[in-house]
Amino acid sequence: MNGFSKVAVSCSLSLFFCSSVNAASIDIPSSFNPVGSGARALGLGGSFIAVADDATAASWNPAGLIQLRKPEVALVLSQTVRGEDVTLANTGDGADTSTSNFDVNYAAASYPCAESKCGKNMVFSVNYQRLYDLSREWNISVYDDFRNTVSQERYNQDGALYALGLSYAVQLTADFTIGMSANYWGDVFGTNGSEVVTSARERENAPGDFFADEDILVSSDFEGLNYNIGALWVPYRKGASKLTIGVVYKSEFDADYNSKLDYQVTSGNLSIPSTIATTTDISESPSTVTMPSSYGLGIAYQVSDAFTFSFDLYRTDWKAFKVKDKSTGSVISAITNRPIDETSIENSFQVRAGAEYRIISQKQTTNYIIPIRAGFFYDPVIGDGGNEPSYGIAIGGGVAFERWVFDAAYQYRWADNLGESYQQQLGLSYSLQEHQLYASAFYRF
């Protein structure tokens with residue numbers, strides 16, 4: 001479980017959620033490592049830094065936009081189904097949960113300007129990307145033999161982090177291009193953040209009518225600016241074969257992160273109404289979240305017009321990922337929710353590889369291309385004391401004809417024994433099975 005939060009309340013009964021739901025909490029169930037968008041890239045296992053030849057290039061390597069020859073609009077839809085098998089080893093409890101959501105993952109409009117008109121070949125683009133999905137729902141029963149109680153606990157989070165970007169690419173030489181994107185993370189299309197609803201109900205197992213109900217509502221919003229810089233270099237070209245090297249850097253940035261917490265506890269004895277009482281706490285928590293920088297290297301080798309394979313290596317500086325409370329000045333790790341000096345966070349490396357084979361038909365009546373893609377990736381989950389392995393495979397295909405390009409891809413990501421560093425007192429562990437389906441459509445004018 002990745003997340004960033006500042007402790008604001010002391011939970012009276014919730015064993016599982018008392019340290020994970022607080023006034024400035026965002027839990028990141030999806031991969032928090034930087035990735036881009038698009039069904040073609042997903043079908044290649046996300047190895048797209050050096051390929052980046054459609055309108056989704058702005059999310060991978062903005063220099064790749066230079067490969068667009070005509071004005072282009074793009075739309076990417078995604079469906080995610082995530083299952084988590086949760087175990088609390090120290091209590092013997094657990095739960096199997098599943099979340100599903102359908103959304104617009106990416107949209108863009110791009111306009112190339114030729115050298116004859118602009119002095120150099122260049123491309124301008126405006127784009128929207130939904131970067132991190134925050135949907136998660138857990139329902140867990142926790143038994144406490146020492147206190148002789150049982151509590152039913154529910155955790156539900158909805159929301160996303162997304163950015164609106166302006167991108168530009170310019171071809172400096174026949175074989176070298178640079179590009180950059182400026183990205184605004186804010187409430188342009190709805191809330192950029194999350195809403196978390198947590199509830200717990202505790203009952204005594206012993207005779208009696210004692211009860212305690214706890215409800216927490218946390219609503220948060222996120223706002224910041226960052227930039228991405230990329231380059232493409234073609235050091236080898238012979239006939240239809242070419243080698244392309246791509247690099248990209250995504251900047252560190254500080255984001256305003258404001259949360260409002262509504263906390264309510266009702267407890268007492270049902271047999272003695274006069275003992276029933278309700279307490280509430282409403283508070284706001286302004287914070288600054290430092291998002292880490294990351295950079296990647298991609299290599300793509302086009303063997304022929306029909307066959308290409310690609311490889312990406314990506315590094316993220318998770319040690320810089322932190323939260324600062326604006327009111328107190330205290331700084332905590334955004335991974336563990338504990339002081340920086342009490343955590344041991346390691347930077348991560350993603351490894352991604354893929355291949356594409358294209359069936360090309362050039363007839364007098366019909367011209368079309370049918371691509372077939374496959375990929376594999378290693379995408380670690382960040383934890384205290386070491387990163388936890390997560391792997392994935394992907395397949396994809398599509399069709400291109402006349403002015404239209406359609407792509408679809410399926411990705412399966414899995415991991416076991418996650419989260420052990422997050423809730424050590426409960427022996428928290430969960431396995432992950434995530435299914436993603438992407439569909440992209442491009443129209444070239």
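Which residue in β21 is the bridge partner of Gly398? In the predicted model considered here, that partner is Asp407, and the pair belongs to an antiparallel arrangement in which β20 and strand β21 (residues 404-418) are joined over 11 bridges. The hairpin formed by β20 and β21 has 2 residues between the strands, and within this hairpin Glu402 adopts a positive phi near 50 degrees.

Strand β20 (residues 391-401) also pairs with strand β19 (residues 367-378), again in the antiparallel sense, over 9 bridges. In this pairing Ala374 has Ile395 of β20 as its bridge partner. Strand β20 is thus described by two pairings, one with β19 and one with β21.

Strand β19 further contributes to the surface, being one of the elements that give two or more residues to a nonpolar patch, together with β15 (307-316) and β18 (348-362). This patch, with an area of about 580 Å², is made by Val303, Phe307, Phe309, Tyr357, Ile359, Ile370 and Ile372. Of these residues, Phe309 is found in strand β15.

With regard to open space in the model, the largest pocket encloses about 1300 Å³. Its lining comprises 49 residues, of which Arg40, Asp53, Gln67, Arg358 and Arg444 are the closest to the pocket centre. When the lining of the largest pocket is divided by residue class, 22 residues are nonpolar, 10 are polar and 17 are charged.

Key
Residues numbered from 1 in each chain as written. Predicted model: local features only at pLDDT ≥ 70, side-chain atom pairs only at ≥ 80, totals over all residues. Heavy atoms only, no water. Pairing = 2+ DSSP bridges. Helix = DSSP H or I, 4+ residues; strand = E, 2+ residues; numbered from the N terminus. 1 Å grid on protein atoms, 1.4 Å probe; cavity = no way out; pocket = protein on both sides within 12 Å on 5 of 7 lines; lining within 4 Å. Points joined across faces, edges and corners; volume = space filled by probe spheres on them. Nonpolar A, V, L, I, M, F, W, Y, C, P; charged D, E, K, R; others polar. Patch = residues over 30% accessible without salt bridge, like charges linked within 9 Å, V, L, I, M, F, W, Y side chains within 5 Å. Areas by Shrake-Rupley, 256 points an atom, 1.4 Å probe, with all protein chains shown as cover. Salt bridge = Lys/Arg side-chain N within 4 Å of Asp/Glu carboxyl O.
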